[in-house]
Amino acid sequence: MTDWQQTIGWLFSGREISLLLKTLYTLFVCALIPIYWRYYGPANFLWFSDLALLLTVAALWLESPLLASMQVVSVLLLELLWIVDFVTRLASGVELTGLADYMFKADKPLFVRALSLFHLVLPFLLLWLVCRLGYDRRAWVAQSIMAWLVLLVCYFFTEPSENVNWVFGPGNRPQLWIAPELYLVLLLLFFPLCIYLPTHLLVGALIYGISH
């Protein structure tokens, strides 16, 4: 084997995940962080999708089934909805959910919006990761606990105008239908039961089917 072949093999080697993938993903995240911080502010990193983007760096380098599985549980369904909304709006101009609405706002620099195209890749990368590393069935409980902590931080330490993770109401504006505290309790139940549990069951069955 030549030195060049050995170098290529080293770049793509690893216990499970190639060094090249780890490095490229990390460089992208390192480039994104200061730009997002400047244009969106630090609270933006509390969005579950942005947290998943950051925590996937750790999942890659540690090759951690639990971290990768938690991020799949956290964002897979919402990221797929984002993709459907974005592609539909791009192709037809029709807005389905509003999740990708900011991608079409001309007041935001194009290169900043272009960075958000990571939403098109992240769910499939995470699925590939759990196929590669295995799905950790503790992910549903672990992610639910983490989500409760994040949602409480968003509620008590961010502005209602930012409405991070919809802690003040669905959509862009705080809701006025019920007491804010009751809405928060319902949201604390909604994520684990209506988003995380179906994803947990679906991905668990998918990985089990692949492995058998």
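This is a short talk through the fold, the aromatic pairs and a few single residues of one protein chain.

Okay, hi everyone. Before anything else, please keep in mind that this is a predicted model.

Let's start with the overall picture. What is the chain built from? It has eight helices and zero strands. If you read along from the N terminus, the order is α-α-α-α-α-α-α-α, so my slide of the topology was quick to draw.

How far does it spread out? Along the principal axes, the C-alpha atoms fill a box of roughly 70 × 40 × 35 Å. The radius of gyration is 19 Å, and a compact globule of 212 residues would have one near 17 Å, which agrees. Of those 212 residues, 42% are buried. As for contacts, take the ones between residues at least 6 apart in sequence: 67% of these join residues at least 24 apart.

On the surface side, the chain exposes about 11,600 Å², and carbon and sulfur atoms supply 71% of that. For the charges, there are 11 positive and 13 negative ones, and their mean positions are 2 Å apart.

Right, on to the aromatics. The count comes to 13 aromatic pairs. One of them is Trp 37 with Phe 45, a tilted pair at 6.1 Å centre to centre with 35° between the planes. It counts as tilted because that angle falls between the cut-offs of 30 degrees for stacked and 60 for edge-to-face. Is each partner buried or exposed? Phe 45 is buried, with a relative accessible area of 10%. Trp 37 is partly exposed, at 48% relative accessibility.

Another pair is Tyr 39 with Phe 111, and this one is edge-to-face, with 6.0 Å between centres and 85° between planes. What does that pair tie together? Tyr 39 lies in helix H2, residues 19-40, and Phe 111 lies in helix H5, residues 110-115, so the pair links parts that are 72 residues apart in sequence. Tyr 39 is partly exposed at 36% relative accessibility, and Phe 111 is partly exposed too, at 45%.

Then there's a cluster. Which residues are in it? Trp 47, Phe 48, Trp 166, Phe 190, Phe 191 and Tyr 196 form one aromatic cluster. Hold on to Phe 48 and Tyr 196, because both names come back with Ser 74 in a minute.

Let me stay with Trp 37 for a moment. Trp 37 is found in helix H2. Leaving out residues up to four places away in sequence, it touches Pro 42 and Phe 45. If you'd like a distance to check on the screen, Trp 37 and Ile 195 are 28 Å apart, C-alpha to C-alpha, and 158 residues apart in sequence.

Now Ser 74, which sits in helix H4. Ser 74 counts as buried, at 2% relative accessibility. What does it touch, again not counting residues up to four places away? Phe 48, Gln 143, Ile 195 and Tyr 196. So Phe 48 and Tyr 196 from the aromatic cluster are both contacts of Ser 74. The C-alpha atoms of Ser 74 and His 119 are separated by 13 Å, with those positions 45 residues apart along the chain.

Next, Leu 55. Its place is in helix H3, and at 23% relative accessibility Leu 55 counts as partly exposed; the cut-off for buried is under 20%. With the sequence neighbours set aside as before, Leu 55 touches Gln 71 and Met 146. From Leu 55 to Leu 176 is 34 Å between C-alpha atoms, and the two are 121 residues apart along the chain.

Last topic: backbone angles. Which residues have a positive phi without being a glycine? Two examples are Glu 63, at about 50°, and Asn 165, at about 60°. Where do they sit? Glu 63 is in the loop between helix H3 (48-62) and helix H4 (65-92). Asn 165 is in the loop between helix H7 (139-157) and helix H8 (180-211). As for cover, Glu 63 counts as buried at 7% relative accessibility, and Asn 165 counts as buried at 2%.

That's my tour. Happy to scroll around the model with anyone afterwards.

Definitions and conventions: Residues are numbered from 1 along each chain as its sequence is written. This is a predicted model: local features need pLDDT of at least 70, side-chain atom pairs count only at pLDDT 80 or more; totals for chains, interfaces and linings use all residues. Side-chain values use heavy atoms; hydrogens and water are left out. Rings of Phe, Tyr and Trp (its six-membered ring) pair if their centres lie within 6.5 Å; planes under 30 degrees apart count as stacked, over 60 as edge-to-face and the rest as tilted. Buried means under 20% relative accessible area, exposed over 50%, partly exposed in between (1.4 Å probe, protein chains only). Helices (H or I, at least four residues) and strands (E, at least two) are DSSP runs, numbered from the N terminus. The radius of gyration is taken over C-alpha atoms; the globule rule is 2.2 Å times the number of residues to the power 0.38. Contact means heavy atoms within 4.5 Å. Accessible areas come from the Shrake-Rupley method with a 1.4 Å probe; for residues, only the protein chains shown count as cover. Lys and Arg count as positive and Asp and Glu as negative; His and the chain ends are not counted. The place of a charge is taken as NZ of Lys, CZ of Arg, CG of Asp or CD of Glu.
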